[in-house]
Amino acid sequence: MKHRLNPKYMKLAVKAAQKSIRTLGGGPFGACIVKSGKVVAVAGNTVFKKDATCHAEINTIRIASKKLKTYDLSGCVMYTTTEPCPMCFSAIHWSGISCVIFGSKIADAAKAGFNELCISAKKMKKEGGSRVKIYSGFLVKCCGKLYKEWKALEKGRPGLIDHKSPYFK
């Protein structure tokens, strides 16, 4: 499956991440799933709603599966603002998503203070024998700005975020 990179889809993921930041639903992460050039699902991170599995990638997979009435998302492409963590990459693999395109690296999330298992998607793919195609660094500057927005929110409202939660280092 060949997919042409399209900034419009990554920008939808960025907007979902910005909404997540503004509403304090979760961290600065967003994702968008596309099939045959049509947007199927867009979501941000909502872990602060009391579910640690509600990463943006997982949320979009849930929405897409419900909308398409199948767990098999073969032929779908996911745009995500940050490289998927091991949980999310596993879900991408198991759902059959053909390709994942991300902006910033998982190491960038760790540098921003998030408690990440810094195992790259590339390593997960290799070690697990996954067929998911991976494109990294797409609109990386745009995606990287999300961490700055997150930090600015935090700085402007001290005590707003509970750094004792396991979500942070």
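Phe29, Phe48, Phe114, Tyr147 and Trp150 come together in one aromatic cluster of this model, which is predicted rather than determined by experiment. Within that group, the rings of Phe48 and Trp150 have centres 6.1 Å apart and planes at 35°, so the pair counts as tilted, since the tilted class takes in angles that are neither under 30 degrees nor over 60. The two residues come from distant parts of the chain, with Phe48 in the loop between β2 (38-44) and α2 (56-68) and Trp150 in helix α6 (residues 140-156), a separation of 102 residues. Their surroundings can be told apart by accessibility: Trp150 has a relative accessible area of 1% and is therefore buried, whereas Phe48, at 26%, is partly exposed, because the buried class ends at 20%.

Tyr147, another member of the cluster, offers a link to helix α4 (residues 106-111), where Asp108 has its place. Asp108 and Tyr147 are 39 residues apart in sequence, and their C-alpha atoms lie 8.7 Å apart in space. The relative accessible area of Asp108 is 27%, so this residue is partly exposed.

How many aromatic pairs does a search of the whole structure find? The search gives six aromatic pairs. One of them is formed by Tyr9 and Tyr79, a tilted pair with 5.5 Å from centre to centre and 50° between the planes. This pair, too, links distant parts of the chain, for Tyr9 belongs to helix α1 (residues 7-23) and Tyr79 to strand β3 (residues 76-82), 70 residues apart. Tyr9 and Tyr79 are both buried.

These elements can now be placed in the fold as a whole. The protein has six helices and five strands, and from the N terminus on they follow one another as α-β-β-α-β-α-β-α-α-β-α. The five strands form an open sheet of mixed pairing, in the order β2-β1-β3-β4-β5. At its edges stand β2 and β5 (133-135), each of which pairs on one side only. Neighbouring strands of the sheet are turned against each other by 15° on average, with direction ignored.

Strand β1 (residues 30-35) is a useful place from which to read the sheet. It runs antiparallel to β2, to which six bridges join it, and antiparallel also to β3, to which it is joined by five bridges. In general, the strands of a sheet pair through backbone hydrogen bonds, in either a parallel or an antiparallel manner. Val34 shows both contacts of β1, with Val39 as its bridge partner in β2 and Val77 as its bridge partner in β3. Lys35, for its part, stands opposite Lys38 in β2. The hairpin of β1 and β2 has two residues between the strands, and Ser36 takes a positive phi there, near 50°. Is β1 mostly covered or mostly open to the surface? Strand β1 is mostly covered, as five of its six residues are buried.

Helix α2 brings in the packing on the sheet. Its 13 residues should span 18 Å at 1.5 Å a residue, and the end C-alpha atoms are indeed 18 Å apart, so the expected and modelled spans agree. The buried residues of α2 are Ala56, Glu57, Ile58, Asn59, Thr60, Ile61, Ala64 and Ser65, and which elements do they pack against? Their partners are the strands β1, β2 and β3 together with helix α3 (86-95). As a general point, an α-helix has 3.6 residues a turn, so residues three or four places apart point the same way. After α2 comes Lys69, which has a positive phi, near 60°.

Some totals complete the picture. Of the 169 residues in the protein, 47% are buried. Among contacts between residues at least 6 apart in sequence, 60% join residues at least 24 apart, and the pairs of Phe48 with Trp150 and of Tyr9 with Tyr79 have already shown how distant parts of the chain are linked. The accessible surface of the protein comes to about 9200 Å², and carbon and sulfur atoms account for 57% of this area.

Key: Residues numbered from 1 in each chain as written. Predicted model: local features only at pLDDT ≥ 70, side-chain atom pairs only at ≥ 80, totals over all residues. Heavy atoms only, no water. Phe/Tyr/Trp six-rings, centres within 6.5 Å; stacked < 30°, edge-to-face > 60°. Helix = DSSP H or I, 4+ residues; strand = E, 2+ residues; numbered from the N terminus. Buried < 20%, exposed > 50% of the residue type's maximum accessible area, 1.4 Å probe, protein only. Contact = heavy atoms within 4.5 Å. Areas by Shrake-Rupley, 256 points an atom, 1.4 Å probe, with all protein chains shown as cover. Pairing = 2+ DSSP bridges. Axes fitted to C-alpha atoms, helices over the stretch in contact; angles between N-to-C directions. Expected span 1.5 Å × (residues − 1).
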